[in-house]
Number of protein chains: 2
Amino acid sequence: MDLLLVEDDPMLAEVICDGARQNAWRIDHADCAAAARAALVDHAYSAVLLDIGLPGESGLTVLRAMRAGYDVTPVLMLTARGQLSERIEGLDAGADDYLVKPFQVDELWARVRAVIRRSQGRVVPVFSWGEIELDRSRRVVTRAGARVPLSAQEYRTLLALLERPGRVITREHLERVVYGNASAIESNTIAVFIHQLRRKLGEGLITTVHGHGYMIGESGA
Amino acid sequence: MDLLLVEDDPMLAEVICDGARQNAWRIDHADCAAAARAALVDHAYSAVLLDIGLPGESGLTVLRAMRAGYDVTPVLMLTARGQLSERIEGLDAGADDYLVKPFQVDELWARVRAVIRRSQGRVVPVFSWGEIELDRSRRVVTRAGARVPLSAQEYRTLLALLERPGRVITREHLERVVYGNASAIESNTIAVFIHQLRRKLGEGLITTVHGHGYMIGESGA
DNA sequence: TCCACGTCTTAATCAACGCTTAATGTCGCG
DNA sequence: CGCGACATTAAGCGTTGATTAAGACGTGGA
């Protein structure tokens with residue numbers, strides 16, 4: 001049972017994290033939207049506890065980005081009292097349930113269990129192309145059944161490509177995926193990751209589309 | 001969700017681009033009419049945010065050129081306060097909505113969503129002739145189902161021809177499409193692109209109309 | 001605390017590609 | 001038959017991507 005907590009209040013975050021660990025659940029903590037995005041790319045969680053009222057970028061945009069990317073991980077919103085419109089927006093955006101602060105932690109765990117139980121019928125997708133498989137729930141990539149160890153950035157780059165096989169992914173998009181929107185990057189890191197992926201996964205997999213970006217599959221050749 | 005922003009003020013452009021990315025939308029930025037034309041040829045956007053008061057060539061001419069070319073992408077005009085006649089002209093020319101500067105960015109996003117929602121019924125056309133297909137939303141050309149890789153200039157040339165099958169397209173028009181109106185070209189580049197297209201897509205496709213230009217379909221077929 | 005290791009970034013160099021040009025060959029029209 | 005319009009090549013050049021290797025950085029273990 002892996003959880004992601006997105007919460008900017010360190011006190012509350014600590015309480016929740018401790019509680020989760022007492023339930024013998026793994027929990028990661030992101031304190032802002034950018035960190036949450038990065039974590040979501042890195043790992044397939046059983047559920048996300050999402051504080052909507054984050055400083056800067058709202059939690060809602062994280063949720064929308066997830067759903068826009070066909071990420072169906074259950075999301076439990078944490079909202080402040082009285083923010084009714086936020087809750088409505090959140091449910092519209094694809095949240096599975098919400099909890100109004102302040103709340104009893106016991107109720108939080110009950111809701112988390114309920115949300116996860118409801119989602120059991122769903123399937124966490126395994127992306128694949130040819131002999132390459134990427135299992136998001138285990139964060140594992142295999143080639144012809146053999147496990148291929150990838151670094152975090154390599155994994156994110158590959159995932160972004162595998163999510164839309166047959167379509168060109170621009171370098172700009174890859175940078176946003178790898179660096180969580182705040183691209184303060186200056187050099188050819190993406191080219192390096194592509195190079196590593198080709199080395200580890202075989203040459204034929206990733207096609208270069210000159211002047212546009214990279215692509216997996218359907219090279220037309 | 002792909003957007004094109006046409007705006008010459010770099011400050012405002014940056015604000016809008018950042019906002020779009022926080023919404024997890026892709027956005028391209030053109031700072032003049034010529035760049036906008038080129039971008040519109042290269043890609044089928046979900047919507048265009050068009051500043052009317054550009055230096056040099058007005059945004060209105062971009063809009064008119066789009067509609068004249070049967071491009072139905074939703075267009076949201078950005079106009080300066082008080083320029084009522086501009087707004088009327090813009091709506092007449094086929095804009096879907098307008099926003100008066102200065103505006104709240106939140107309102108901008110609301111309008112963009114509205115404009116896109118209204119346009120959902122529409123279809124981004126896939127141009128085709130015979131066994132050739134051109135998919136603007138993916139920027140992909142296929143021949144009998146097989147993907148044909150085209151360079152940027154080849155793609156633009158083909159699109160211009162495919163937009164009006166059975167009609168003669170002059171070399172001047174093609175140059176304007178390929179070089180975004182600022183044709184600082186001296187030689188026979190268009191002839192070269194036509195040659196490459198014929199080589200990649202088959203001889204019968206493009207007909208030469210001596211003394212006038214080129215054409216796809218009819219007559220020779 | 002310090003060292004070893006793997007990862008990430010930078011930068012330099014090399015290769016591939018696309019665009020333009022121009023020279024030459026071919027066709028159509030007057 | 002001659003001229004102008006178009007077709008076909010191939011070479012030069014700049015841009016883009018590929019490939020390295022070395023340094024910075026952070027983490028975990030001794």
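How many helices and strands are there in chain A? Chain A has eight helices and twelve strands. Keep in mind that this is a predicted model. Of the 221 residues of chain A, 30% count as buried. Among contacts in chain A with a separation of 6 or more, 58% come from residues 24 or more positions apart.

**A buried strand in chain A**

Let's start with strand β3 of chain A, residues 47-51. Five of its five residues are buried, so the strand is largely enclosed by the rest of the structure. Its side chains split two ways: A:A47, A:L49 and A:D51 point one way, while A:V48 and A:L50 point the other, and all are buried.

β3(A) has strand partners too. Strand β1 (residues 2-6) of chain A runs parallel to β3(A), joined by four bridges, and here A:L4 sits opposite A:V48. Strand β4 (residues 75-79) of chain A also pairs with β3(A) in the parallel sense, again over four bridges. In that pairing, A:L49 has A:L76 as its bridge partner.

**B:L76 and its surroundings**

Over in chain B, B:L76 belongs to strand β4 (residues 75-79). Is B:L76 buried or exposed? It counts as buried because it has 22 C-beta neighbours inside 10 Å, against a cut-off of 20 or more. Setting aside neighbours within four places in sequence, its contacts include B:A47, B:L49 and B:L50, along with B:D96, B:D97, B:Y98 and B:L99, and also B:R111, B:V112 and B:V115. Take B:A47: it is 29 residues from B:L76 along the chain, yet their C-alpha atoms are separated by 7.5 Å.

**A small sheet in chain B**

Chain B also holds an open sheet of three strands, ordered β10-β12-β11, with antiparallel pairing. Its edge strands are β10 (169-170) and β11 (206-209), each pairing on one side only. Two bridges link β10(B) to strand β12 (residues 213-216) of chain B in the antiparallel sense, with B:T170 opposite B:G213.

**Where the DNA strands sit**

Now for the DNA. Both protein chains supply residues around strand C, and those that come nearest are A:S151, A:A152, A:S187, B:S151 and B:S187. The elements giving two or more residues to this surface are α6 (152-163) and α8 (189-201) of chain A, plus α6 (152-162) and α8 (189-201) of chain B.

Around strand D, the residues that come nearest are A:A191, A:H195, A:T208, B:A191 and B:T208. Here the elements that give two or more residues are α8 of chain A and α8 of chain B.

Here is how the two surfaces divide up:

| Surface near | Nonpolar | Polar | Charged |
|---|---|---|---|
| DNA strand C | six residues | twelve residues | four residues |
| DNA strand D | six residues | ten residues | two residues |

**Backbone oddities**

Most residues other than glycine have a negative phi, and most peptide bonds are trans. A few spots here break with that pattern. A:A144 is not a glycine but has a positive phi of about 55°, and it lies in the loop between β8 (140-143) and β9 (146-147) of chain A. A:A144 counts as exposed because it has 10 C-beta neighbours inside 10 Å.

In chain B, B:A144 likewise has a positive phi of about 55° without being a glycine. Its place is the loop between β8 (140-143) and β9 (146-147) of chain B, and with 10 C-beta neighbours inside 10 Å it counts as exposed.

Which peptide bond in chain B is cis? That would be the bond from B:K101 to B:P102, with omega near -10°. B:P102 lies in the loop between β5 (97-100) and α5 (105-118) of chain B.

How values were computed. Residues numbered from 1 in each chain as written. Chains lettered and ligands numbered in written order. Predicted model: local features only at pLDDT ≥ 70, side-chain atom pairs only at ≥ 80, totals over all residues. Near = placed C-beta within 6 Å. Nonpolar A, V, L, I, M, F, W, Y, C, P; charged D, E, K, R; others polar. Buried ≥ 20, exposed ≤ 12 C-beta atoms within 10 Å, placed from the backbone. Pairing = 2+ DSSP bridges. Contact = placed C-beta atoms within 7 Å.
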